[in-house]
Amino acid sequence: MEMMQQIYPVTPHSYAYELNKDFQFSAAHYIPHDQAGKCQQMHGHTYFTNITVVGDELDETGFLVNFKQIKNLIHKRFDHGVINDDAAFSDEQAVDFPTTEVVARKIYEIIQEYLDGLQNKPKCIQVYLRETPTSYCIYRPKGGKSI
């Protein structure tokens with residue numbers, strides 16, 4: 001199997017370590033809004049994701065973070081499901097429709113919550129989420145949230 005080389009936008013930071021993890025998941029969604037056009041109908045994507053995690057301290061095993069855990073947080077939650085059915089989007093009053101932008105932010109929130117529980121306190125500084133071959137979103141937390 002040939003490894004595809006992908007270059008992602010880099011966000012500046014002053015941390016000693018930066019790790020990136022690529023993975024994909026397949027999920028369906030729809031945008032329940034009159035202005036969403038064809039996206040109002042249920043449809044699916046194979047999302048390609050890159051997560052950037054940074055930090056200054058390694059854990060007791062010499063890793064910044066176990067990327068298998070990071071992948072599992074997202075893959076087990078969203079893969080082969082309907083994103084709208086996830087708790088992050090299922091609230092009847094929710095204004096967060098599962099657009100690519102919002103899904104990227106939710107992925108960040110899920111990952112950062114996990115990272116906050118680690119002793120070495122790594123930070124997620126970028127989520128790159130490709131929805132189609134021609135469209136993607138980058139989410140970077142602002143202010144004191146991460147960087």
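User: Leaving aside neighbours within four places in sequence, which residues is C39 in contact with?
Analyst: This is a predicted model, and contact here means heavy atoms within 4.5 Å. Neighbours of C39 within four places in sequence are left aside. The residues in contact with C39 are then Y30 and I31.

User: Where is C39 found, and does it count as buried, partly exposed or exposed?
Analyst: C39 is found in the loop between β1 (17–29) and β2 (43–55). Its relative accessibility is 34%. Buried means under 20% and exposed means over 50%. C39 therefore counts as partly exposed.

User: Which residues does the UniProt annotation "active site" cover?
Analyst: The annotation comes from an unreviewed UniProt entry. C39 is one of the residues it covers. The full set is C39, H80 and E131.

User: Where does H80 lie, and is it buried or exposed?
Analyst: H80 lies in the loop between α1 (67–78) and β3 (81–82). Its relative accessibility is 68%. Exposed means over 50%. So H80 counts as exposed.

User: Which residues does the UniProt annotation "binding site" cover, and why do they gather at one spot?
Analyst: The unreviewed UniProt entry places this annotation on H29, H43 and H45. They span 17 residues in sequence, yet they gather at one spot, because no two of their C-alpha atoms are more than 8.3 Å apart.

User: Is H29 buried or exposed?
Analyst: H29 has its place in strand β1. Its relative accessibility is 2%. Buried means under 20%. H29 therefore counts as buried.

User: What does H29 touch, not counting residues up to four places away in sequence?
Analyst: Two of the residues it touches, H43 and H45, share the "binding site" annotation with H29. E131, which carries the "active site" annotation, is touched by H29 too. The full list is Q41, M42, H43, H45, Y47, I83, N84, P98 and E131.

User: Which strand holds H43, and what are its contacts beyond four places in sequence?
Analyst: H43 has its place in strand β2. At 22% relative accessibility, H43 counts as partly exposed. Leaving aside its neighbours within four places in sequence, H43 is in contact with A27, A28 and H29.

User: In what order do the five strands form the sheet, and which stand at the edges?
Analyst: The sheet is open, its pairing is mixed, and its order is β3-β1-β2-β4-β5. Two strands have a single partner each, so one side of each is left without a neighbour in the sheet; these edge strands are β3 and β5.

User: How many bridges join β4 to β2, and how many join β4 to β5?
Analyst: β2 and β4 pair in the antiparallel sense, with T52 and Q126 as one pair of bridge partners. β4 and β5 also run antiparallel. The counts are seven bridges for β2 and β4, and five for β4 and β5.

User: How many residues stand between β4 and β5 in their hairpin?
Analyst: T132 stands opposite S135 in β5. L129 stands opposite C137. The number of residues between the two strands of the hairpin is two.

User: How many of the ten residues of strand β4 are buried?
Analyst: Strand β4 takes in residues 123–132. The strand is mostly covered. The number of its residues that are buried is eight.

User: What is the volume of the second largest pocket?
Analyst: Among the residues lining this pocket are L58, F63, Y114 and N120. The lining divides into five nonpolar, four polar and two charged residues. The volume is about 180 Å³.

Notes
Residues are numbered from 1 along each chain as its sequence is written. This is a predicted model: local features need pLDDT of at least 70, side-chain atom pairs count only at pLDDT 80 or more; totals for chains, interfaces and linings use all residues. Side-chain values use heavy atoms; hydrogens and water are left out. On a 1 Å grid over the protein atoms alone, a cavity is a set of points where a 1.4 Å probe fits but cannot get out, and a pocket is an open set with protein on both sides within 12 Å along at least five of seven lines; lining residues have an atom within 4 Å of a point. Grid points are joined across faces, edges and corners, and a volume is the space filled by probe spheres set on the points. Ala, Val, Leu, Ile, Met, Phe, Trp, Tyr, Cys and Pro count as nonpolar, Asp, Glu, Lys and Arg as charged, and the others, Gly among them, as polar. UniProt positions are given in the numbering used here, feature names are shortened, and annotations may be inferred rather than shown by experiment. Buried means under 20% relative accessible area, exposed over 50%, partly exposed in between (1.4 Å probe, protein chains only). Two strands pair if DSSP finds at least two bridges between them.
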